Amino acid sequence: MTDLPTPATTADAAARPAKSAKSAARADVTLAEWLSKRSDADLVTLLQLRPDLAVPLPGSMAVLAARTEQRASVLRAGDELDTLDFAVIETLVVQGAGDGGRGVPLPAKTLRKLLSDRVPAATVNAALQKLRARALVWGPDTALRVTPAAQEALPWPLGSTTELPDSLTEPEITAALAASTPQERTLLEKLAGTGPRGRTRDAAPGTPSERPVQRLLAHRLLNWIDEETVELPASVGQVLRNEPVSDPHALVPPHPDSTKHAPADINAVAAGEVGELLRHSAAVLDALGGSPAPVLRSGGLGVRELRRVAKQTGIDENRVGLLAEILTAARLIGKGTPEPAPDSDGAEDYWTPTTTADAWLAVVPPRRWTVLAQAWLDLDRFPWMIGLRDANDKPLAALSAELRYVHAVRDRHAVLGVLAEFPPGTEISAADLGRILAWRQPRRRRHYRLEAVANTLAEAEALGLVARGAVSSAGRALLHGSPEDAESEMAIALPEPVDHVLVQADLTVIAPGPLTPELQDRVAMVADVESAGAATVYRISETSVRRALDAGATAAELHNLFITHSRTPVPQSLTYLIDDVARRHGRLRAGMAQSFLRSEDPTLLAEVLAAPVAGELALRAVAPTVAISQAPLGEVLERLRAAGFSPAGEDSSGAIVDLRPRGARLSARGQQRPNWRPNPPSAEQLESLVAELRAGERAANVRPGQAVRSDGSRTSTAATLNLLQLAARTRRPVHIGYVDAQGVATQRVVEPLKVGGGQLDALDPVTGAVRHFTLHRIASVALVE
């Protein structure tokens with residue numbers, strides 16, 4: 001490879017004339033000294049960007065400086081750096097500024113000149129400011145240095161940015177792969193999946209050119225290392241793994257192609273998806289409430305149960321898996337033993353709705369959507385991986401532990417966050433989003449392969465956060481952390497509920513849009529859903545009318561329902577159906593003996609007792625109009641109706657009771673909550689930590705005079721008290737060693753004000769506040785000279 005032209009090499013820098021003493025002093029500053037000269041605001045920013053540096057609180061700047069150079073901390077900070085930031089780091093390392101205080105510092109002016117042919121000076125300055133804020137690059141503009149461990153954080157081999165490229169471009173790689181043979185493609189895919197280097201005798205000179213390895217070397221899909229070793233170029237491996245190809249020389253972010261849509265159209269499409277989401281979610285809750293799904297021995301929801309719910313609800317299996325994940329994250333589905341317990345004697349635990357599901361179903365649609373969308377955004381799992389094969393070639397089950405990934409929330413927010421940066425209505429493809437993310441976070445580029453980004457966008461579209469490749473207004477508000485605004489935006493986007501239906505002559509009822517909650521409940525009570533969508537079609541039958549009568553409705557109320565809310569004339573067939581079912585309904589009454597059966601018509605009761613069903617239920621007459629049975633009331637009603645009778649259930653007062661099945665429910669208490677993630681410290685807390693750090697630094701730099709070290713004996717305790725009382729009388733500062741209640745030892749320089757009652761009251765000269773120290777926790781005291 002050919003090096004890019006550089007105005008000054010490391011040797012040239014060593015041969016420069018000696019600078020003035022003042023300049024040399026600035027160049028020889030250590031990292032700890034540079035940190036100590038930073039303002040409190042700069043240190044607060046450092047701890048915000050790298051919170052691991054503050055745990056536990058460093059006792060001095062030297063400790064803080066040592067932590068900033070630790071490899072693990074530097075690698076963690078490197079995850080937030082973009083391609084330009086790494087180009088700055090690599091340039092500093094190549095120029096010799098990467099050996100801590102022992103390397104040759106590089107002036108910022110020289111750095112800007114080295115990168116001037118690719119990025120403007122202002123852009124380089126912004127990258128320097130970003131790296132300085134994280135203490136990855138430090139020192140004055142005349143003598144920049146880079147943390148030694150930063151070289152290990154580079155997402156590509158050293159020199160990839162500072163040397164001219166000789167690798168194939170992405171289109172060239174794609175064309176070369178298309179022309180490769182199946183044997184060559186298999187070899188490349190093996191290297192892409194296991195490791196870039198491979199050993200083969202075909203790499204030796206003199207090997208026939210038609211051999212696969214030699215052909216791949218000739219097409220530059222492999223690099224020659226030695227006679228027995230070849231290496232897969234990084235860009236080729238990225239193409240094979242379907243990752244976004246990252247170019248170390250691209251120091252400006254990619255500019256994707258975009259398509260503009262009207263924001264109103266985006267919101268309308270999103271609202272349509274939300275309507276389907278809420279309907280399907282209610283259907284899944286109803287299916288699992290009626291028949292809870294056993295929990296697999298290894299956890300999760302089994303494939304057979306997933307298919308059963310899909311068949312019962314008419315929803316695609318993949319969508320059922322996604323809904324199960326979201327509903328569980330929202331605590332609307334839980335794992336446990338429901339009440340009433342299911343009939344199956346299999347697993348002890350079942351997946352079934354919680355009591356929270358009933359409250360969720362009762363609220364308005366925008367709020368229901370907000371609950372589900374927020375649960376998905378905070379979900380530390382990848383639902384789109386359901387059905388993929390694990391390392392043992394077994395399919396991954398919904399709700400299983402294998403779908404959990406620590407980076408799921410971060411990756412999801414990263415993808416949607418980039419999309420939300422574009423103006424409303426802007427559509428960006430998944431491939432372009434992956435390229436942008438790979439440029440912004442090259443160390444994490446494998447997280448943004450095309451499959452992951454495309455599936456994330458597909459899930460976001462299913463939840464109405466994204467539509468036609470653009471973020472909806474409600475989704476944008478939710479991503480910005482405002483659930484209230486998101487709910488308001490979704491309320492505007494969703495169609496207004498309608499308060500009327502269209503009754504057809506074939507006993508179907510058409511709802512031309514989402515019904516008002518009250519009308520929805522009343523229609524669902526007397527009719528069954530036949531097809532759902534933007535317009536829902538209900539079917540009225542003898543069974544559905546009987547269900548409404550069982551729930552306490554009267555024939556007059558059902559007639560009034562359709563007369564009042566139907567925009568079409570009520571067909572005579574519906575009137576006859578309601579009257580016929582109502583005439584027969586309730587002539588026979590069932591109660592509990594276990595259960596009882598009564599009728600004002602002795603002939604009707606005698607007809608029941610003479611029927612075969614009487615033997616099945618062990619009915620026994622106790623009066624001309626009353627019979628009893630040991631079978632449960634629900635079974636009595638079910639079997640009598642199957643035999644052609646029309647009994648109605650009643651309670652002890654004789655009132656009609658609603659015996660419709662409610663579905664199993666679990667207590668929401670104790671169900672798994674979303675993973676707890678610590679809140680970052682506030683600015684006030686970090687300011688307090690910086691003040692503590694300044695106080696410890698001051699204590700470490702003072703020269704102690706007369707000193708007393710406490711060993712717990714009476715003599716040393718008395719000497720400590722005497723020295724503190726002397727300092728309080730003479731108003732002299734003291735250097736104390738103190739162990740707090742958590743066992744953390746610190747050093748402080750304070751001015752004693754009062755000693756007594758087992759406590760030292762002292763003024764902190766850094767913060768100006770009066771602090772209180774327990775005397776028995778003071779390990780040492782020394783007067784400050």
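A salt bridge here is a side-chain nitrogen of Lys or Arg within 4 Å of a carboxyl oxygen of Asp or Glu. By that rule, this predicted model has 38 salt bridges. Let us begin with a few of them and then walk through the sheets, the cores and some individual residues.

Asp 202 and Arg 211 join their side chains in a salt bridge, with 3.1 Å from N to O. The two partners differ in their surroundings: Asp 202 is buried, at a relative accessible area of 17%, whereas Arg 211 counts as partly exposed at 40% relative accessibility. Another salt bridge pairs Arg 446 with Glu 243, and here the closest N and O atoms are 3.5 Å apart. This pair ties together distant parts of the chain, since the two residues are 203 residues apart. Arg 446 sits in the loop between helix H20 (430–440) and helix H21 (450–462), while Glu 243 belongs to the loop between helix H13 (234–240) and strand S6 (259–260). Glu 243 has a relative accessible area of 8% and is therefore buried.

A more local case is found in helix H27 (residues 572–584), which holds both Arg 584 and Asp 580, four residues apart, or about one turn of the helix. An α-helix has 3.6 residues a turn, so residues three or four places apart point the same way. The closest N and O atoms of this salt bridge are 3.3 Å apart. Both partners are partly exposed, Arg 584 with a relative accessible area of 27% and Asp 580 with 29%. They also take part in a network of salt bridges that links Glu 542, Arg 546, Asp 580, Arg 583 and Arg 584.

Now to the sheets. One open sheet has three strands in the order S3-S5-S4, with antiparallel pairing. Its edge strands, S3 (197–199) and S4 (223–226), each pair on one side only. On average, and ignoring direction, neighbouring strands of this sheet are turned by 30° against each other. S3 is joined to strand S5 (residues 229–231) by three bridges, and Gly 198 has Val 230 in S5 as its bridge partner.

Further along the chain, another open sheet of three antiparallel strands follows the order S7-S9-S8. Strands S7 (293–294) and S8 (333–336) each have a single partner strand, so one side of each is left without a neighbour in the sheet. Helix H14 (residues 263–290) packs on this sheet and touches S7, S8 and S9, its direction making about 125° with that of S9. Four antiparallel bridges pair S8 with strand S9 (residues 350–353); in one of the pairings, Gly 336 has Tyr 350 in S9 as its bridge partner.

Which residues have the most contacts inside the largest nonpolar core? They are Trp 369, Leu 372 and Leu 465, in a core of 72 residues. Helix H14 gives the most to this core, with eight residues. Beyond its sequence neighbours within four places, Leu 372 is in contact with residues including Leu 277, Leu 278, Ile 326, Trp 360 and Leu 463. Apart from this core lies another, of 33 residues, among them Ile 89, Leu 111, Ala 127 and Val 146.

Helix H18 (residues 365–377) has 13 residues, and at 1.5 Å a residue it should span 18 Å; its end C-alpha atoms are 18 Å apart, which agrees. Among the buried residues of H18 are Trp 369, Leu 372, Ala 373 and Trp 376.

Two loop residues also deserve a look. Thr 147, in the loop between strand S2 (145–146) and helix H10 (170–179), counts as buried at 0% relative accessibility. Not counting residues up to four places away in sequence, Thr 147 touches Thr 68, Glu 69, Val 74, Ala 135, Leu 136 and Trp 138. Leu 115 lies in the loop between helix H8 (108–114) and helix H9 (121–133) and is buried too, at 1% relative accessibility. Leu 115 and Leu 251 are 136 residues apart in sequence, yet their C-alpha atoms are 9.3 Å apart in space.

Our last stop is strand S23 (residues 734–739), where five of the six residues are buried, so the strand is largely enclosed by the rest of the structure. S23 runs antiparallel to strand S24 (residues 745–756), joined by six bridges, and the two form a hairpin with five residues between them. In that turn, Gly 743 has a positive phi of about 85°. S23 also pairs with strand S27 (residues 778–784) in the antiparallel sense, over five bridges.

Note on methods
Residues are numbered from 1 along each chain as its sequence is written. This is a predicted model: local features need pLDDT of at least 70, side-chain atom pairs count only at pLDDT 80 or more; totals for chains, interfaces and linings use all residues. Side-chain values use heavy atoms; hydrogens and water are left out. Two strands pair if DSSP finds at least two bridges between them. Contact means heavy atoms within 4.5 Å. Axes are lines fitted to C-alpha atoms, for helices over the stretch in contact, and angles run from 0 to 180 degrees between N-to-C directions. A nonpolar core is a set of buried Ala, Val, Leu, Ile, Met, Phe, Trp, Tyr and Cys residues joined through side-chain atoms within 4.5 Å. Buried means under 20% relative accessible area, exposed over 50%, partly exposed in between (1.4 Å probe, protein chains only). The expected span of a helix is 1.5 Å times one less than its number of residues.
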